[in-house]
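Visitor: Could you walk me through this one? I'd like to go place by place and ask as I go.

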Amino acid sequence: MIFDTHAHYDDEQFNDDRDSMLSSMKEEGVGLIVNIGASLESSEESIKLAKNYDFVYAAVGVHPDNVGELEVGGNFDRLCNLARQDKVVTIGEIGLDYHWMEQPKEVQAKWFKQQLSLARELGKPVNIHSRDAAEDTLKIIQRERAGDMGGIIHCFSYSVELALEYVKMGFCIGIGGVVTFKNAKKLKEVVNAIPLERLVLETDCPYLAPEPNRGKRNSSLYLSYVANTIATIKNVTVDEVIETTWKNGKNVYRIEG
Ligand code: NI
């Protein structure tokens, strides 16, 4: 079965067919989904989805674009409480985003560290978002020894060397639709260089649909295209990719059964 380790089914793009789509997942071969928080509200929605569907788990965290909503002692306590709820398997997505610069660098760094501390306190792995911020992300992860908690570097967009560095620290690398794009030379090299035992599948849906559906609304149902591309790069069967990434996802999020 396919494990989608990073999805956003709380997104309004699923408002018209969320239930029918999620209800069809198992028969389409998708056996586990982690719905990722990107704000306080979407963290709450993720927990709701996990309550409603046995194969959905939740992530609680605030994306670097949205950390302006957090306040020490105020709603950060609310986030901490959410993170303690049942079926919350990871803190994320958290990190740094210097592409849009919705928040100043210092503010992003502050809340990234706070949320890493929360993960440490709860003994949970992390789901890392890092865009155009390779150096600072690595620095913070090393200084905070986030490798102790482990987790996933989501939508990995950096070099082979950096991917190997994260794997050495104990992280998995999240691979999604981008790997199917014709111009994704660097990411294909990363997939080639990293052992299959350290790769996980993810959609980031509704965004980043793989070829041949690039530009459309993405969903976990399209992950077979990603698995296919990985199988071609690594010269293994698609089944092997699906089975191994399933195990990897369960290991990294510590989901039993
Ligand atoms: Ni995401």
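Visitor: Let's start with Gly170: how exposed is it?

Guide: This is a predicted model, and in it Gly170 counts as partly exposed because its relative accessibility is 31%. Gly170 sits in the loop between helix H6 (160-169) and strand S7 (171-175).

Visitor: And what is Gly170 in contact with, if I ignore its neighbours within four places in sequence?

Guide: With those neighbours left aside, Gly170 is in contact with Gly150, Gly151 and Arg198. As for Gly147, its C-alpha lies 5.5 Å from that of Gly170, although the two are 23 residues apart in sequence.

Visitor: Switching to charges, how many salt bridges does a search of the whole structure find?

Guide: The search finds 9 salt bridges. One of them pairs Asp17 with Arg217, with 2.8 Å between the closest N and O atoms.

Visitor: Which parts does that pair tie together?

Guide: Asp17 belongs to the loop between strand S1 (2-7) and helix H1 (18-24), while Arg217 belongs to the loop between strand S8 (199-201) and helix H8 (223-234), so the pair ties together parts that are 200 residues apart in sequence. Arg217 counts as partly exposed because its relative accessibility is 27%.

Visitor: What about Glu44, which residue does it form a salt bridge with?

Guide: Its partner is Arg78, and the closest N and O atoms of the two are 3.1 Å apart. Glu44 lies in helix H2 (residues 40-52) and Arg78 in helix H3 (residues 75-83), so this salt bridge ties together parts that are 34 residues apart in sequence. Glu44 is partly exposed, with a relative accessible area of 29%, and Arg78 likewise counts as partly exposed, at 38% relative accessibility.

Visitor: Lys185 and Glu189 next: where do they lie?

Guide: Both lie in helix H7 (residues 185-193), where they are 4 residues apart, about one turn of the helix. Lys185 forms a salt bridge with Glu189, and 3.5 Å separates the closest N and O atoms. Lys185 counts as exposed, because its relative accessibility is 62%, whereas Glu189, at 37%, counts as partly exposed.

Visitor: Which residues are joined into one network by salt bridges that share partners?

Guide: Arg120, Arg145 and Asp148 are joined in that way.

Visitor: And where does negative charge gather in a patch?

Guide: There is a patch of negative charge on the surface, where Glu197, Asp239, Glu240 and Glu243 gather. Of these residues, Asp239 is placed in helix H9 (residues 238-253), and Asp239 counts as exposed because its relative accessibility is 52%.

Visitor: Okay, new topic. Is Val88 buried or exposed?

Guide: Val88 is buried, since its relative accessible area is 4%. Val88 is part of strand S4 (residues 88-97), and, not counting residues up to four places away in sequence, Val88 touches Ile47, Ala58, Val60, Leu82, Ala83 and Lys124.

Visitor: What separation do you get between the C-alpha atoms of Val88 and Asn192?

Guide: The two C-alpha atoms are separated by 31 Å, and along the chain Val88 and Asn192 are 104 residues apart.

Visitor: Backbone geometry now: which residues does a cis peptide bond join?

Guide: One cis peptide bond joins Gly92 and Glu93, with omega at about 5°, and Glu93 is found in strand S4. Another joins Glu211 and Pro212, where omega is also about 5°, and Pro212 is placed in the loop between S8 and H8.

Visitor: Why would I look at those separately?

Guide: Because most peptide bonds are trans, and, in the related matter of phi, most residues other than glycine have a negative value.

Visitor: Then what is the phi of Asn235?

Guide: Asn235 has a positive phi of about 55°, although it is not a glycine. Asn235 lies in the loop between H8 and H9, and Asn235 is exposed, because its relative accessible area is 71%.

Visitor: And Arg254, what is phi there?

Guide: The phi of Arg254 is near 55°, again a positive value in a residue other than glycine. Arg254 is found in the segment after H9 and is partly exposed, with a relative accessible area of 44%.

Key
Residues numbered from 1 in each chain as written. Predicted model: local features only at pLDDT ≥ 70, side-chain atom pairs only at ≥ 80, totals over all residues. Heavy atoms only, no water. Patch = residues over 30% accessible without salt bridge, like charges linked within 9 Å, V, L, I, M, F, W, Y side chains within 5 Å. Areas by Shrake-Rupley, 256 points an atom, 1.4 Å probe, with all protein chains shown as cover. Salt bridge = Lys/Arg side-chain N within 4 Å of Asp/Glu carboxyl O. Lys, Arg positive; Asp, Glu negative; His and termini not counted. Charge placed at Lys NZ, Arg CZ, Asp CG, Glu CD. Helix = DSSP H or I, 4+ residues; strand = E, 2+ residues; numbered from the N terminus. Buried < 20%, exposed > 50% of the residue type's maximum accessible area, 1.4 Å probe, protein only. Contact = heavy atoms within 4.5 Å.
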